[in-house]
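Reader: I would like to go through this structure by question and answer. Please keep the replies brisk.

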Amino acid sequence: MSTLPSQMTAIAIREPGGPDVLVPQTRPVPAAGTGEVLVRVAAAGVNRPDVMQRQGLYPPPPGASEIPGLEIAGRVVALGNGATRFKPGDEITALVAGGGYAQFCPVHETNALRVPPGLSLVEAAAIPETFFTVWHNVFERGALKSGESLLIHGGSSGIGTTAIQLAKAFGARVITTAGSAEKCQACVRLGADRAVNYRTEDFVAATKEATGGKGADLILDMVGGDYIERNYEAAAIEGRIVQIAFQGSPRANVDFRRLMLKRLVHTGSTLRARSVADKAAIAQGIEQKVWPLIAAGKVKPVVFRTFPLAEASAAHSLMETSTHIGKIVLTTDGG
């Protein structure tokens, strides 16, 4: 095994601000801690939380790297004390609390999974953040069952394209919102039963119509703001709403009588600050239930575009235009 370099390129946030504050820097290669593996990163996914961190709105949790990046794929190059799950040379994909925008990144072995057969490392890097989020929120918290209807806001996003495919694979009926005719078509191609252009249609009326007046059994929302009250309107009796982000406002004026009259459940979660053990439990569920679907080609991450690591600022600029369908991924020379 070749000796590891002592230095690597990583993307630093020079100061809170626009995409141009992301700059390549030379940093020491991190060591693998107890129970961790060190990964030579081939690709790293770009996600909305990275944009928020860059803007100074989402600091990393205590102990996490201040380098942005929450998901990686690459090859194991070193093992920390007590790490036995993988061996050097194994190709893995992993959820990390930070540090993904770099040539090397450590991760606890329980938060990593082997790359499914047939997937490239670029595709594998587009999996963890979105698949962990969707699996935990739609299936574990939201308890989506076969035959139920799911309304997904932002269907053309990384989260949305994942949620559409997984929900359909598990037998649900899917309604989704997106901001253009092209994005709506992409959602339908991925399996959505109904795609609603929120700029020209009312998603509450469209959801009622698509469910024969019943409303959605489960709603996955990353918008917040005035969508919160409208979700209560669009939900079925005994419906569940799972909040995973606020692209609008985290505050809203809501008539809560619908919550009582419809016996709704409104829950939510974040992923990044969760413990290693929490993430390990989610990883286990994904390995058992979702990995076979990926291996069978029934579910696949949608990669819109890749950028070299040094062009992270351009990747963020693209994400902020919201013109992408699926995931944006950074690549290193570690592939």
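Reader: What is the strand order of the open sheet of 6 strands?

Author: This is a predicted model, where local features need pLDDT of at least 70, side-chain atom pairs count only at pLDDT 80 or more, and totals for chains, interfaces and linings use all residues. Residues are numbered from 1 along each chain as its sequence is written, and side-chain values use heavy atoms, with hydrogens and water left out. Helices (H or I, at least four residues) and strands (E, at least two) are DSSP runs, numbered from the N terminus. Pairing in this sheet is parallel (two strands pair if DSSP finds at least two bridges between them), and the order is β10-β9-β8-β11-β12-β13.

Reader: Which strands are the edge strands?

Author: An edge strand here pairs on one side only. From one strand to the next, the twist averages 15 degrees. The edges are β10 and β13 (265-268).

Reader: In β11, which residue is the bridge partner of L151?

Author: Strand β8 (residues 149-152) runs parallel to strand β11 (residues 216-221). The two are joined by 3 bridges. Opposite L151, the partner in β11 is I219.

Reader: At about what angle to β12 does helix α7 run?

Author: Helix α7 (residues 227-234) lies across β8, β11, β12 and β13. Axes are lines fitted to C-alpha atoms, for helices over the stretch in contact, and angles run from 0 to 180 degrees between N-to-C directions. Relative to β12, α7 runs at about 150 degrees.

Reader: Why do the buried residues of α5 line one face of the helix?

Author: In helix α5 (residues 181-189), K183, C184, A186 and C187 are buried (under 20% relative accessible area; exposed is over 50%, partly exposed in between, with a 1.4 Å probe and protein chains only). Seen down the α5 axis, the buried residues line one face because their arc, taken over directions from the helix axis to the C-beta atoms, is within 160 degrees. On the other side, A181, E182 and R189 are exposed. The arc asked for is 160 degrees.

Reader: What covers the buried residues of α5?

Author: α5 lies across β9 and β10, at about 165 degrees to β10. Contact means heavy atoms within 4.5 Å. The cover includes α4 (158-169), β9 and β10 (194-197).

Reader: Is T176 buried or exposed?

Author: T176 sits in strand β9 (residues 173-178). Its side chain reaches the backbone oxygen of I152 at 2.9 Å. Among the residues T176 touches are L151, I164, C187 and V196. With a relative accessible area of 0%, T176 is buried.

Reader: Which residue of β7 stands opposite A94?

Author: Strand β5 (residues 91-95) has 4 of its 5 residues buried. Strand β4 (residues 71-79) runs antiparallel to β5, with 5 bridges. β5 also pairs with strand β7 (residues 112-114), antiparallel over 3 bridges. Opposite A94 in β7 stands A112.

Reader: How are α3 and α9 oriented, roughly parallel or roughly perpendicular?

Author: Helix α3 (residues 128-141) and helix α9 (residues 276-289) pack at about 85 degrees, with axes 10 Å apart. Angles under 35 degrees count as roughly parallel, over 145 as roughly antiparallel, 65 to 115 as roughly perpendicular and the rest as oblique. The α3 and α9 helices are therefore roughly perpendicular.

Reader: Which residues of α3 make that contact?

Author: On the α9 side, the contact is made by K279, I282, A283, G285, I286 and K289. On the α3 side, the residues are F131, F132, W135, H136 and E140.

Conventions:
A polar contact is a pair of N or O atoms within 3.5 Å; within protein, one must be able to donate a hydrogen and the other to accept it, and residues adjacent in sequence count only if both atoms are side-chain atoms. Lists of a residue's contacts leave out its neighbours within four places in sequence.
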